[in-house]
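Here are some notes from my pass through the model, written up as numbered points. Have the viewer open while you read.

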Amino acid sequence: MSNSVPGAPTQASQAPSGKVAKPAMRWIVPVIAVFAVVATAAAMPFVIDDTPQSGAMLWPEMMPPDAPEALLSQMDPDAPAPTPNGLKAALDGPIDDIDGDVGMTVYDGLSGETIYESHGSEAMIPASSLKVATGVAALREVGATHRIPTRVVQGDNGQVTIVGGGDVTLSADGTGYYKNAASLADLAEQVKKSLDGEQVTSVTVDTSLFDGDKLAPGVPKSDVAEGYTSYMEPLMMHGGRLKPDAVQYSAREEKPALEAAKAFAHHLGVDDVSEGTAPEDAETLGTVYSPPIQQLVEHALLTSDNTLTDSLSRQVAIAAGEPASFEGGVKATQATLKELGVSLDGAVMNDGSGLSPDDRLSSATLADLIKVSMDEKNADLSSLFTALPVAGFTGSLHDRYIADNDAGAGKVHAKTGTLSKVSSLTGYTLTQDGRVLVFALIANKVKDGDIETDLDAVAATLAQCGCR
């Protein structure tokens, strides 16, 4: 199995040395430079000073054995750009074939200029494409190398308190849905060592870090039972999934933090578990850490993990000094995006995942998110590109662009979005000439049952065109 990440060029595939970047290339130059570094992120965890590590999170969708050649390594900096008229002639037909309301924006990835727009400023339901906004904010505000701590502190009379820090990827013993994530068994061993034989009599779980409602506005409780998300608490195993080896969309716990605390207590041989608050200034007995934020963002975007993305939104809130709630996460994310120059005209955000049907973003906003990540001033956002699914190969695009629209296979890198009567794609591709195009496409009020194929046809058209 290859150890390279789709979309990230190896050292051998970078642009030839000695080429001087032209001013018009400012949007893409840092991406190629940084890709060689971030390409190994799935296999080599970051080291943060002396912080203990809980292992690198790996997932098979990230490194398929038949991964395509790195897309950006195929970029030709001298390739001609499509013209607005050429794109209009190529795209208007496939867009008109979509039975619903459609918004689309296309930027030239080298100059950053808008070269196609159809209702691009109209705010629409973005579905999971909104996750790109959360990913950008997490990388910028929290930082790629930050690890989320889960602590245990000492109480009185043999009581210990496990304090949720917002890591939703915990496992009971190192196995489960998120491979090699932090283990509660490891945490229990640290506690035993710190107590040096002193008996633990009870365990309290502190969930006070998170604030506000546990489900975003517009998200029904049935989405928890059906496995689309979890009740947001700052401590959970396997994203709250009832079974550690469950598939992504599987039923979730009613009280994920309490269940995680019970699993931790089991490793200590304790049955008495309750909810409470950690004593102030209590001695820390043990700490485990999540995988780095970069890997969490990659997993969230690649597999469209709602719970993980909403937890990342709350990490953005914490880093910005906002309450760790849906509202706080949205406020902090929007502030970060505004600082980056992302247009938020008409934006309505109720969560970090896009699961709420009340969310609204325009295709211009979504395309802006990709564009700012390519800007040379924002090298800290470059790892976003390893997180986008690759058409026909990885993540939520692994089974698309195969029977239909196969011209886009390996060429279209995009975040998907799907809700009832809603579909979206946000990402980038190359033209036949090797020109980078950034695009975002949203369809609402869809009547066609094969909407994903229709959107794929539009993106595949970009990958095929010279469009001059």
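At what angle do helix α3 and helix α9 pack, and how far apart are their axes? That is taken up in point 2, after a quick word on the whole chain.

1. Overall picture. Bear in mind that this is a predicted model. The protein chain has twelve helices and twelve strands. It runs to 468 residues, and 59% of them count as buried. On contacts, take the pairs in the chain that are at least 6 apart in sequence: 72% of those join residues at least 24 apart.

2. α3 against α9. To answer the opening question, helix α3 (residues 131-142) packs on helix α9 (residues 326-339) at about 80 degrees, and the axes are 9 Å apart. The two helices are therefore roughly perpendicular, given that 65 to 115 degrees counts as such. On the α3 side the contact uses A133, V136, A137, R140 and E141, while α9 brings T333, T336 and L337. Sorted by class, that contact holds four nonpolar, two polar and two charged residues.

3. α8 against α9. Helix α9 also packs with α8: their axes come within 7 Å and cross at roughly 65 degrees. So this pair, too, is described as roughly perpendicular, and the crossing is left-handed. From α8 the residues involved are D310, S313, R314, V316 and A317, and from α9 they are F326, G328, G329, V330, A332 and T333. The class split here is five nonpolar, four polar and two charged residues. If you are clicking through, T333 of α9 is worth selecting, since it is listed in the contact with α3 and again in the contact with α8.

4. α7 against α8. Moving to the other helix that α8 touches here, how do α7 and α8 cross, left-handed or right-handed? The crossing is left-handed. The axes of α7 (residues 293-303) and α8 (residues 306-319) come within 9 Å, at a crossing angle of roughly 140 degrees. That makes the pair oblique, because only angles over 145 degrees count as roughly antiparallel. I293, L296, V297, H299 and A300 of α7 meet L308, T309 and L312 of α8. This contact has six nonpolar and two polar residues, with no charged ones.

5. S290, ahead of α7. This serine is found in the loop between β9 (284-289) and α7. S290 counts as buried because its relative accessibility is 0%. Where does the side chain of S290 reach? It goes to the backbone nitrogen of I148, at 2.8 Å. Apart from neighbours within four places in sequence, S290 is in contact with R147, I148, D167 and L296. Of these, L296 is also one of the α7 residues that meet α8.

6. Two positive phi values. A127 has phi near 55 degrees, which is positive in a residue other than glycine. It sits in the loop between β2 (114-118) and α3, and at 0% relative accessibility A127 counts as buried. C467 is the other one to look at: its phi is positive, about 55 degrees, although it is not a glycine. You'll find C467 in the segment after α12 (451-464). With a relative accessible area of 11%, C467 is buried.

7. L425 in β11. This leucine lies in strand β11 (residues 422-430). Its relative accessibility is 0%, so L425 counts as buried. As for spacing, L425 and F439 are 14 residues apart along the chain, and their C-alpha atoms are separated by 8.0 Å.

8. K221, at the surface. Is K221 buried or exposed? K221 is exposed, with a relative accessible area of 63%. Its place is the loop between β6 (202-206) and α5 (222-225). Setting aside neighbours within four places in sequence, K221 is in contact with L215 and Y231. Y231 is ten residues from K221 in sequence, and the C-alpha to C-alpha distance is 8.7 Å.

Note on methods: Residues numbered from 1 in each chain as written. Predicted model: local features only at pLDDT ≥ 70, side-chain atom pairs only at ≥ 80, totals over all residues. Heavy atoms only, no water. Axes fitted to C-alpha atoms, helices over the stretch in contact; angles between N-to-C directions. Helix = DSSP H or I, 4+ residues; strand = E, 2+ residues; numbered from the N terminus. Parallel < 35°, antiparallel > 145°, perpendicular 65-115°, else oblique. Left-handed = near helix turned anticlockwise from the far one by under 90°. Contact = heavy atoms within 4.5 Å. Nonpolar A, V, L, I, M, F, W, Y, C, P; charged D, E, K, R; others polar. Buried < 20%, exposed > 50% of the residue type's maximum accessible area, 1.4 Å probe, protein only. Polar contact = N/O pair within 3.5 Å; in protein donor to acceptor, adjacent residues only side chain to side chain.
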